[in-house]
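Let's take a friendly walk through this structure together. Keep the view open as you read, and look up each residue when its turn comes.

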Amino acid sequence: MDTSATEMTPQVTLLANYQKPAYLVDEVLLQFDLDSALTRVVSTLKLRKNPEGPAGDCILDGEEQELIAVKMNGTTLSPSQYQRSETQLLIPNTPDQFELEITTEIKPDQNTALEGLYHSGRILCTQCEAEGFRRITYYPDRPDVMSVFTVTIVANAKKWPVMLSNGNLEDQGKFDDGRHWVRWHDPHPKPSYLFALVAGDLYCQQDSFTTMNGREVALRIYVDPENQHKCDHALTSLKQSMKWDEDTYGREYDLDVFMIVAVNDFNMGAMENKGLNIFNAACVLASPETATDHDFYTIQSIVGHEYFHNWSGNRVTCRDWFQLSLKEGFTVMRDQSFSADLNSEAVQRIDDVDKLRSMQFAEDAGPMAHPVRPDSYIEISNFYTVTIYEKGAEVVRMIKTLVGDEGFRKGTDLYFERHDGQAVTTDDFVKAIEDANQIDLSQFRRWYQQAGTPELTVETEYDAIEERLTMTVTQSCPATPGQTEKLPFHIPLAVGLLDKDGDSLPLQLAGEKTPYPDETRVLSVTEASQTFVFINVGSQPVASVLRGFSAPVKLKQNLTNHQLAFLMAHDKDSFNRWDAGQTLLINILLSLVEDIQQQKSLSLSPLLISQFERVLSDTKLDPALIAKMLTLPTENYLAAQMDVPDVDAIHQAREFVKVQLAIALKPQFEAVYQAFSAPVPYAFSAEDMARRSLKNLSLSYLIATGDPMQLQRCLKQMKQADNMTDLLSGLKLMSDLRGPEGEHALRAFYEQWKHDKQVVDKWLAVQAGSKLPDTLLRVKGLMKHEAFSMKNPNNVRALIGMFCRNNPVNFHAKDGSGYAFLADQILVLDKLNPQVAARMLGALNSWRRYDADRQALMKQALERIAAEKTLSADVYEIVTKYLAD
């Protein structure tokens, strides 16, 4: 049993209690005698008392290991000369400066938590963020202790021919007994969470990159031999990332080699270990026949994200884990900009906001709501959240909006220059922006300190005689756990004004002598209620507000459906054009939900049909944007718009709208499908992705007509597909249909791809996402399938996660079977992998919002989990917060 599970109440860590480390580590020498069954680790630490730290004994973190010996300055200590608990090693009466040698043994084969050193397939690898290094050896395992690491690895040459660690390869050799050794040295001080080690029988694909100062860097991707044909895209993405970071931020790579390793068993997406990134295989391996457009796009983004961490996370890291968004929020913003620059800026922004509003807004409204810089935690792995990452990115984006592109570059240059080699805070980041731009961001810092999603109400009043528009903006923020009162935020609000023909109107404010030069203007909203007066507005305008989603807020603007349709057709801002269409759809769908609840007959607004037809026939629009505009809001997002979600009525209304649109616009959808179905070789490009996206969306509408010919069209596409995008799109549609064709398609798909782990995960997810009423029974059956293992996080996310988080009509079945199923799986998972178990609990985040019957059933499931006496700290923290009043 994992000793992280305990009957004792886990301790709360508070930001207010932060103290600097008592001891610093100047140098670390690690020696691994490596094998999967038993690995011996000898760590030699050169420690000294921190003159700025508190007085006290030398305390090192350590878990899940057998302590063999401790030496201080070459002398072996007896057990009476130190104290050891399940989580710490305390050595009293140490001198101001000393060398400590610690020998431990660990068992990678038995490590199912996938933290520290563990065994995955033919690979031994590490995952140390946030607190995994303490499962390898005893160490002050905190991010503000930065040291220079030298790592020697010894292992059987036949079993573990490739042995890697951070930095540059210094030396290597062989022994006569069949073992070999390597020594790696990283000259850059780093915290222990960035340590990495990999060993295995791996294929290496190589390339190189010449930096802006003429240094040649070796690029290597290590994968299982059967995946060697899937490396090209990741290598291309890596070179694009390195070039983009030089061009955009002036950041150059600083080692001789950059390595990526693909691992099948991994708790996260990827890890930015200095010079040796370890990736979940699903986030790095791609070929057209096995990966979808979404996979290619995501891989490009994640490769960029992890590479950008070399500066925003590694060279400058976070002082403590409360500052996690310092590195993650900034780096997410950087990878979003990278993806926008390389692909479609409008589609990237829509995707980013869609994720934020679907997931982070729900988190802000739930029991786990926390600020971008939290005040407390029990288990830090629970705070790798959409608030820290995606909302953190929006906070950095707002800073960039306030100071402009040039000012932001000046600020980040100063930040990197000032803090290179340091562990710092979000305040240090903001201070660098302030100092570089002579701006006061004191009020803006509330975005880091206050939880919750601000709500912005915008009201306009037009005076035709004076030709002026008065815009009143009111802000508020709901109470969140531990924060009942909120102070006003500093909100950058991007606005535009349109006349009846869709042309831009002037944005000159009262008191200004000259017209404002641009079509979009950013207003600084800093008060609870604030009024802006626009002058020389020659005709009645429609206000386009929150352009580009300039702040992560909920916007309340009393626009009629006809005004929304106007903005959907004419707005100059692509994001707002999409958003107006989504708001129109939500209004119509929620009205239909009310009709269903009142047992009224259903009819679809002709306004919506005409707007869809208009968008579908607009040849000037990017097909990718058309596809986004014609995609209905998800059932989860619609549920979030209701005080008490009616799961079944939402599903019925959404299906009704899709069918009615499909029938009304069948000729148009057929024309689009035919136009974009010409056989062309697969290419990962914005243009080709856009064509496939709109083609497959059109197919989904055609299938919704119920026309048997469309079923044959779908089967034909699957048969002729030369890429996974088209094949999987067809399979998803077939999985929602009753009948032998769907079952045959699923069986044939598995037989063709059962050798490929990443594709099999897609097969599992397609079935878990099916809207057919027997889906839970199918999911339970798949858990016994040869392709599924509870020890593999990707399997768990694909099957259990997909069903519980993305199949609301089945997960929220009235009998509570979905909730009972989730509780069963969490109790099993918690013994194997607490991090993954805790993440699965997110499906119950909003349980208090549902009807009384479902609330009672969800509460019953949560109480059953909470009653388990040996819960991990990960699950304990979430389930107790969910159940708290």
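Leucine 555 is partly exposed in this predicted model, because its relative accessible area is 30%, which falls between the 20% limit for buried and the 50% limit for exposed. You will find leucine 555 in strand S31, which covers residues 554–557. Leaving aside residues up to four places away in sequence, leucine 555 touches Leu456, Val458, Val545 and Leu546. For a sense of scale, pick out tyrosine 18 as well: leucine 555 and tyrosine 18 are 537 residues apart along the chain, and their C-alpha atoms are separated by 37 Å.

Now turn to threonine 387, in helix H5. Threonine 387 counts as buried, because its relative accessibility is 0%. Its contacts, not counting residues up to four places away in sequence, are Gln360, Glu363, Asp364, His370, Pro371, Val372 and Gly392. Isoleucine 136 makes a useful second marker here: threonine 387 and isoleucine 136 are 251 residues apart in sequence and 30 Å apart in space, C-alpha to C-alpha.

Aromatic rings are our next stop. How many aromatic pairs does a search of the whole structure find? The search finds 38. One of them joins phenylalanine 308 and phenylalanine 338, edge-to-face, with 5.3 Å from centre to centre and 85° between the planes. Phenylalanine 308 belongs to helix H2 (residues 293–308) and phenylalanine 338 to helix H3 (residues 324–342), so this pair ties together parts that are 30 residues apart in sequence. Phenylalanine 308 and phenylalanine 338 are both buried.

A stacked pair is formed by phenylalanine 330 and phenylalanine 416, with centres 6.1 Å apart and 25° between the planes. This pair links distant parts of the chain: phenylalanine 330 is in helix H3 and phenylalanine 416 in helix H5 (residues 387–419), 86 residues apart. Phenylalanine 330 counts as buried because its relative accessibility is 1%, and phenylalanine 416 is buried with a relative accessible area of 1%. Phenylalanine 330 also has a charged partner: the charged end of arginine 334 sits over its ring, 5.4 Å from the centre. Elsewhere, the charged end of arginine 179 sits over the ring of phenylalanine 175, 5.1 Å from the ring centre.

From rings, move on to the nonpolar core. The largest such core has 279 residues, and those with the most contacts inside it are Phe32, Phe195, Phe408, Phe429, Phe534, Phe612 and Leu841. Take leucine 841 as an example: it touches Ile826, Leu862, Ile865, Val875, Ile878, Val879 and Tyr882, again without residues up to four places away in sequence.

Two more helices deserve a look. Helix H15 (residues 686–704) has 19 residues and reaches 27 Å from its first C-alpha to its last, close to the 27 Å expected at 1.5 Å a residue. Of those 19 residues, 14 are buried, so H15 is largely enclosed by the rest of the structure. After H15 comes glycine 706, with a positive phi near 80°. Helix H13 (residues 647–664) has 18 residues that should span 26 Å at 1.5 Å a residue, and its end C-alpha atoms are indeed 26 Å apart. Buried residues in H13 include Val647, Ile650, Phe656 and Leu661.

What about disulfides? A disulfide is a covalent bond between the sulfur atoms of two cysteines. The count here comes to zero. Cysteine 128 shows why: its sulfur is 9.9 Å from the closest cysteine sulfur, in cysteine 125, too far for a bond. Cysteine 128 counts as buried at 0% relative accessibility, and cysteine 804 is buried with a relative accessible area of 5%.

Finally, let's visit some backbone details. Most residues other than glycine have a negative phi, and most peptide bonds are trans. Asparagine 93 has a positive phi, near 55°, and is found in the loop between strand S8 (88–91) and strand S9 (97–106). Glutamine 438 has a positive phi of about 50° and lies in the loop between helix H6 (426–437) and helix H7 (446–449). Asparagine 93 counts as exposed at 73% relative accessibility, and glutamine 438 counts as exposed at 71%. The peptide bond from glutamate 129 to alanine 130 is cis, with omega near 5°. Alanine 130 lies in the loop between strand S11 (123–127) and strand S12 (147–156).

Terms used
Residues numbered from 1 in each chain as written. Predicted model: local features only at pLDDT ≥ 70, side-chain atom pairs only at ≥ 80, totals over all residues. Heavy atoms only, no water. Phe/Tyr/Trp six-rings, centres within 6.5 Å; stacked < 30°, edge-to-face > 60°. Helix = DSSP H or I, 4+ residues; strand = E, 2+ residues; numbered from the N terminus. Buried < 20%, exposed > 50% of the residue type's maximum accessible area, 1.4 Å probe, protein only. Lys NZ or Arg CZ within 6 Å of the ring centre and 35° of its normal. Disulfide = S-S within 2.5 Å. Core = buried A, V, L, I, M, F, W, Y, C linked by side-chain atoms within 4.5 Å. Contact = heavy atoms within 4.5 Å. Expected span 1.5 Å × (residues − 1).
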